Amino acid sequence: MLWAKRTAIACPLRWFCYRSLFGQLRRTYTVEGSEHNWQQILANARARTKSRRNKWMMDDSRPLDNPTAIETTLTNMNKQPRAPSKRTSATATATTEIAIHQSEGVCEEFRRRLKCLENTIAKGLIESLKLDASPLGIAREGTGPGPGGQKMLDHIMAAKRKHPNCLIAWRNGRFYEFHGVDAVLTVEILGLHPVRGPLSLSTASSYFGMQDKLNRLVAKGLSVAVYEQYTPDEQKKEMVGTKRKLKQIVTPASPNYVYAIGVDGNVFSNSLSNPRPIVGVMRTKDKTQCVLSEVHVESRQVVSTCSNTLEGIKGLLHSLDAVTPIYLQDLSLADLGDCYSAKEAIKVRGQTVDGFPEYLLRRACDHLSLDAKHFRKTDRPGINPLDFSTAAALGLVPGHNPSMVDSMVPDSAPQYVRDYLKRICLTPPLREVRHSVRQICHFHATDDTTCLPAIKPMWRGTRSVSAYLEQGCPSQQLLRNVQELLQGVLDLCTPTYVVESLTRHLFIVAMHYRNSSLEFPALIEGLQSALSMIQKAIPPPTLPRPNIPDDFKDTDIERFLNANDEYYGKIQDSIVCPNNWLKARQGLVQALLDFYNDTRIPSNAKKIKYVVNDNILLIEGQPLPKGQKAMPKVDRTTQAIEIAVRRYRDETDTFRTNVSTALQALAFKLHGHVDCILAAVEISLVHTCLHIHSVHALEKGWALPVLDADILDLKGAWPYWMSNDTTKVVTNDVPWRGLTIITAPNMAGKTTLMRTTGTVALLGNLGFFVPAKPETTIPYFEVFLVYTGLHDKPLEGKSSYHIEAQQCANIGRHIDNDISLLAILDELGKGTTPDEGAVLAVALMEDWARSGNTILVSTHLWEEIRSIATPTWMEMVTWKCLEVEPITGRCLYFVKDGVCDHSNAFEVASTARLPAHIVEDAEQVMQAILDQQRKGRKSQSALTSPEQVMQAILDQQRK
């Protein structure tokens, strides 16, 4: 036995393997009273250890850094024959069970990611994986004794089988470990250093800055299942022997790890991301409408949208920035077009319109291990979201057109302001809400806003507040931010009429976009109650920290005390009673002062250093023994200091637990007022966004128009992306009544005029400032349709004319529903022959003109249209054109009544550097046609067939 122990001490690895065996030997010797069998058992153990060690060495000798063979390895790795197992019969059942699990292998998503690696080190690690062996891509399980007598890797493997599409972040002390294929991906994305162990490939990441690392993983579309340590016995302070449990699955839909902020909460203000909803779209039974459902994980909300057209759903989907993949029923990704950039979707079958949100919630809860009963179900108000084509034409979608939102705010505006204003523009609210937006903007434009209380918006992690309070994981910084927010909102509710009216308008807008039915009196009562709870529990930030003697300034002792004093002042002393902790701290300070004042100790031996990892104080020059992490012995420091440090650390642990418990209890209490708190967050966002927009709009010369007028009458309007400089920009006064046909030469600005009209009408209806004079009048429009810049969609099998016909049908559908409509259609009839295009245009515009809606149409087919139109039809429409200089043909960009009789096609072709001889030939042919018209060979009241035109061209060429 002594020999075995001595050998084990010489080889720590062997002692590690024999540790559990010696316990068995001792039990055998004591219980059975026999010692004839232990030597044989020991010999068998040595043989097994030698065999295992040789096998480990063989595994380590595999080439792990061959980036040139990645594709071959991924293709042929699973075809290599494996040697049959030689395990004993006692483990045959376990071997069979493991083999069944290992047949699952690495999921397809991770296999695709392995083929797209760019990091050289990550590429070289692929050959160490066995993709068909297990979900982790490793062949063996068990790295040593772990929780419950099992082996640690067995638990990690079980977690991976439960969540095969997630990275498993396994907490081990101060680090999070990743194994197998997860380790390779963290090397690729996070740049972690790989560790090639005997049984698995692994990486480790410090728990410091974990939220930043999770953000980088989530940004790549990955999900991370985070397993934390916990001690069943709360009396144990050490982490040895602790177990792990799943705390949270971090995904793009829930990117903020609520357990990472701790009590200090620094991560709350620096690292949080905005969550994205899980979205599903399905067609209704009649296949003419679509329904969109959203699951907001961190705000615990399920939102259902009323049925709408596919184009409207696409516009709403673009405003949501949904996560990948999207759930689709009776639809394909091609149907969504450019509004959804990702190329992954999950097909759904057999769901009804009413059951679709429930199905989406179940899928989300199953994937994220959440409880569906914590989610609140709401219906989105009956709105008409902008068509995706309309949003693109008005610059609300990234593309070739100037951004409308960027023109509404200064360059220094935060991104959350741009996102919120874009959300309002893409989803025009109800009439009452639009009126409230206008009143808020009017208040900022006419009243002194310096008297208003400062409200600090909480956009970063706004929707995460509910999750933090629900899980009982707040920080003092989070609670102080909430306190400032609630105090600012309540200060707005002053007795003065103007400010109280402003608060109510802010409340109306916020509740609309919160989809909440909360009443204003209930909001005020809830905010007052929540604020009172926080004020009673959280001390003011001016609370002084415990004193540190001047002798310890700028020393390791000061660092040690600051690191352990961080929990003081997080909660009121009346709740946690820090007297014992303060006494222990004072005792430690006094012991250190006595040590420094002791004349028997040389001055060069009085320097004390702070060991951060072990959180202890040592006399410099006397380090800890190798492998020791406990309190040093008496001979390495004074007995008084050792006792004082131990007592101080114990009291600090107790005090830390009390503070965390008090904060958790406060979070659970505040969760009862979470609707009021989130409403206050939304109010602060509305207030901040509209204030920034109003100040910037006034600086640019924008104005608030007159709403609810009879006609759309523009006064001094100019394009939204230009400045109000009359020396450089042409402004127009244009009244738009009923159906108006616009004609103009090429590049004369008719599309810009139509886009400006649509922008002024949309922004004015939403209550925003517009690039026009305040005398501008705008009717109330429920639907905005702006179609410019048509192009084909080959993925959907649609030509440009097919898309134009769909847009015309959409206009007619809204007219049939008796909805107040503004429709703008550029280049009507250009996708087909002039004759057929003109006939269809006349028929469409006759139906549109009878509706009385404001509709703007531009076309180059004015001659064909006028030749076939009846006098009655001509009386129903208004003709507008853009002015051009008679002699030079230069575009003046002013709007006037009448028809433009030329297109400047040859001038534009020359400007585009079309070959000169081609332009000259075309001009000659055109001149021949005009000569025939002047000689009377072609009637002005009848259409000319293409054959006749071609014959005239040939005759002219022969002459």
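The model contains 13 aromatic pairs. Rings of Phe, Tyr and Trp (its six-membered ring) pair if their centres lie within 6.5 Å; planes under 30 degrees apart count as stacked, over 60 as edge-to-face and the rest as tilted. One of the pairs is F552 with Y596: the ring centres are 5.7 Å apart and the planes stand at 55°, so this pair is tilted. The pair links distant parts of the chain, 44 residues apart. F552 sits in the loop between α22 and α23 (556–564), and Y596 belongs to helix α25 (residues 579–597).

Y596 also pairs with F595. That pair is edge-to-face, with 6.0 Å from centre to centre and 90° between the planes.

How exposed are these rings' residues? Buried means under 20% relative accessible area, exposed over 50%, and partly exposed in between (1.4 Å probe, protein chains only). F552 has 0% relative accessibility and counts as buried. F595, at 4%, is buried too. Y596 is partly exposed, with 27% relative accessible area.

Ring pairs also join F560, Y568, W581, Y610, Y648 and F655 into a cluster. A charge meets a ring elsewhere: the charged end of R431 sits over the ring of Y780, 4.1 Å from the ring centre. Such a contact needs NZ of Lys or CZ of Arg within 6 Å of the ring centre and within 35 degrees of the ring normal.

This is a predicted model, in which local features need pLDDT of at least 70 and side-chain atom pairs count only at pLDDT 80 or more, while totals for chains, interfaces and linings use all residues. Residues are numbered from 1 along each chain as its sequence is written, and side-chain values use heavy atoms, with hydrogens and water left out.

**Strands and sheet**

Helices (H or I, at least four residues) and strands (E, at least two) are DSSP runs, numbered from the N terminus. Two strands pair if DSSP finds at least two bridges between them.

An open sheet holds 6 strands in the order β11-β10-β7-β8-β9-β12, and its pairing is mixed. Its edge strands, β11 (345–347) and β12 (376–379), each pair on one side only. Neighbouring strands of the sheet are turned by 20° against each other on average, direction ignored. Axes are lines fitted to C-alpha atoms, for helices over the stretch in contact, and angles run from 0 to 180 degrees between N-to-C directions.

Within the sheet, β8 (residues 290–296) and β9 (residues 301–304) pair in the antiparallel sense over 4 bridges. H296 stands opposite Q301 of β9. Helix α12 (residues 310–320) lies across β7 (278–283), β8 and β10 (326–329). The helix runs at about 15° to β8. Contact here means heavy atoms within 4.5 Å.

Strand β16 (residues 712–717) has 5 of its 6 residues buried, so the strand is largely enclosed by the rest of the structure. Its antiparallel partner is β17 (residues 732–736), joined by 4 bridges. L714 stands opposite V734 in β17.

**Helix α20**

Helix α20 covers residues 476–492, and 12 of its 17 residues are buried. The helix is therefore largely enclosed by the rest of the structure. Among the buried residues are Q476, R480, N481 and G488. How far apart are the end C-alpha atoms of α20? They are 24 Å apart, which agrees with the 24 Å expected at 1.5 Å a residue. The expected span is 1.5 Å times one less than the number of residues.

**Backbone and long-range details**

Most residues other than glycine have a negative phi, and most peptide bonds are trans. The peptide bond from T324 to P325 is cis, with omega near 0°. P325 lies in the loop between α12 and β10. Two loop residues have a positive phi.

| Residue | Phi | Loop | Relative accessible area |
|---|---|---|---|
| S369 | near 55° | between α14 (356–368) and β12 | 40%, partly exposed |
| N515 | about 55° | between α21 (497–514) and α22 (520–537) | 13%, buried |

H442 lies in helix α18 (residues 431–446). Its relative accessible area is 37%, which makes H442 partly exposed. H442 and F769 are 327 residues apart in sequence, yet 9.1 Å apart in space, C-alpha to C-alpha.
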